[in-house]
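The following exercises invite the reader to work through selected contacts step by step. Each task is followed by a solution.

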Amino acid sequence: MKRRLFLTLIAAATATSASMIAAPVAQAADEVKIGFLVKQPEEPWFQDEWKFAEIAAKEKGFTLVKIGAPSGEKVMSAIDNLAAQKAQGFIICTPDVKLGPGIVAKAKADKLKMMTVDDRLVDGSGKPIESVPHMGISAYNIGKQVGDGIAAEIKKRGWDMKDVGAIDVTYEQLPTAHDRTTGATDALVAAGFPKANVIAAPQAKTDTENAFNAANIALTKNPQFKHWVAYALNDEGVLGAVRAAEGRGIKADNMIGIGIGGSDSALNEFKKPNPTGFFGTVIISPKRHGEETSELMYTWIKDGKAPPPLTLTTGMLATRDNVTQVREQMGLASK
Ligand code: GLA
């Protein structure tokens, strides 16, 4: 009796360990591996995208390879590297949209599926490459939300618009940046803001330091204004303008900056005990841009179903007073 039980147990254990050994082998054969390349890995927006991509990876059971690719060279070697690791596809926010045809050719040569996020690739004549599925923000409309928000606050404060200067931190080589700041300018002008008071401040790179330098020039050249407002393609750009203004003694009561993003750059600003010139941000969704793009790529690899050619996401204006509620509404509260 005892012996029979012992043999049964042995048999069961053998079966279990056999299946345990077999399982990883079977998984390795059809393991899905997806690359996620971003142009500015130090920027909180991109870290959030990665964080949400990781959530998709855990849920679906694929391997995510996160790569910071701040130059064309890095992008090209990263794609080769992904192919060598037997990845099947990647999502990319490119450091330069004009690299489009080169990136498409490289992905094709390496037999990798590709989808873009945030910044859409363009061809030699500057037109979007429509054959590559893309998820970006509805840039012009989100820019308009920024401009409307600034105009409403100017009116609330009772400022005379002729005394207000607008720092328009621009980055014209990136279409989504052009559309965002144009939307903001258009909304301001539609609200009665004098177009001549809009000062273009071109930045060399889309970060706070470069926006700070650009805004400083705009402020130096225009000492005539009593109050200021500022906008840019993202929160980092507006923070640069706000810091430049602070350096000249222009603080929260004389500056209305509204950014785009809603990641840590903005959240940290709202956490400061006293309000700064960074008045608000249009929160966009790193969850959709990170998690949803990854899921779309996974389905493409697994089931052969390609992502929609173009997905444009929306945003919601938040200030330090309602940022928690807005984040909750956008499904970002857990962070
Ligand atoms: C661009 C900007 C980022 C972020 C994303 C959002 O890539 O450089 O800061 O705003 O768009 O799509």
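**Exercise 1. Determine how many salt bridges the model contains, and examine the one between Glu153 and Arg157.**

Solution. The structure is a predicted model. The count comes to 13 salt bridges.

Step 1. The cut-off is a side-chain nitrogen of Lys or Arg within 4 Å of a carboxyl oxygen of Asp or Glu. For Glu153 and Arg157 the N to O distance is 2.8 Å, so the pair satisfies the criterion.

Step 2. Both residues belong to helix α5, which covers residues 139-157. Because Glu153 and Arg157 are four residues apart there, about one helical turn separates them.

Step 3. The surroundings of the two partners are then compared. Glu153 is buried, at 9% relative accessible area, whereas Arg157 is partly exposed, at 28%.

**Exercise 2. Describe helix α5, its buried residues and the residue that follows it.**

Solution. Step 1. Helix α5 comprises 19 residues. From its first C-alpha to its last it reaches 27 Å, close to the 27 Å expected at 1.5 Å a residue.

Step 2. The buried residues of α5 include Ala139, Ile142, Gly143, Val146 and Gly147. Further along, Gly149, Ile150, Ala151, Glu153 and Ile154 are also buried.

Step 3. After α5 comes Gly158, and its phi is positive, near 70°.

**Exercise 3. Which residues are joined into one network by salt bridges that share partners?**

Solution. Step 1. Begin with Asp160 and Lys162, which form a salt bridge with their closest N and O atoms 3.2 Å apart. Asp160 is partly exposed at 40% relative accessibility, while Lys162 is exposed at 56%.

Step 2. Next, consider the salt bridge of Lys226 with Asp163, in which the closest N and O atoms are 3.8 Å apart. This pair links distant parts of the chain, its members being 63 residues apart. Lys226 lies in the loop between α7 (208-221) and β8 (227-231), and Asp163 lies in the loop between α5 and β6 (164-170). Lys226 is exposed, with a relative accessible area of 57%.

Step 3. Through shared partners, Asp160, Lys162, Asp163 and Lys226 form one network of salt bridges.

**Exercise 4. State how many aromatic pairs there are, and classify Phe225 with Trp228 and Phe270 with Phe278.**

Solution. Step 1. The count comes to three aromatic pairs.

Step 2. The centres of Phe225 and Trp228 are 5.3 Å apart, and their planes make an angle of 80°. Planes over 60 degrees apart count as edge-to-face, and this pair is accordingly edge-to-face. Phe225 is buried at 12% relative accessibility, and Trp228 is buried at 2%.

Step 3. For Phe270 and Phe278 the centres are 5.8 Å apart and the planes 55° apart, and the pair is tilted. Both Phe270 and Phe278 are buried.

**Exercise 5. Where does Lys51 lie with respect to Phe52?**

Solution. Lys51 lies over the face of Phe52, at 4.3 Å from the ring centre.

**Exercise 6. Relate the domain recorded in UniProt to the composition of residues 33-306.**

Solution. Step 1. An unreviewed UniProt entry places the feature "domain: Periplasmic binding protein/LacI sugar binding" at residues 33-306.

Step 2. Over residues 33-306 the chain is 46% helix and 20% strand. The end C-alpha atoms of this stretch are 16 Å apart.

Definitions and conventions
Residues numbered from 1 in each chain as written. Heavy atoms only, no water. Helix = DSSP H or I, 4+ residues; strand = E, 2+ residues; numbered from the N terminus. Buried < 20%, exposed > 50% of the residue type's maximum accessible area, 1.4 Å probe, protein only. Expected span 1.5 Å × (residues − 1). Phe/Tyr/Trp six-rings, centres within 6.5 Å; stacked < 30°, edge-to-face > 60°. Lys NZ or Arg CZ within 6 Å of the ring centre and 35° of its normal. UniProt positions renumbered as here; feature names shortened; annotations may be inferred.
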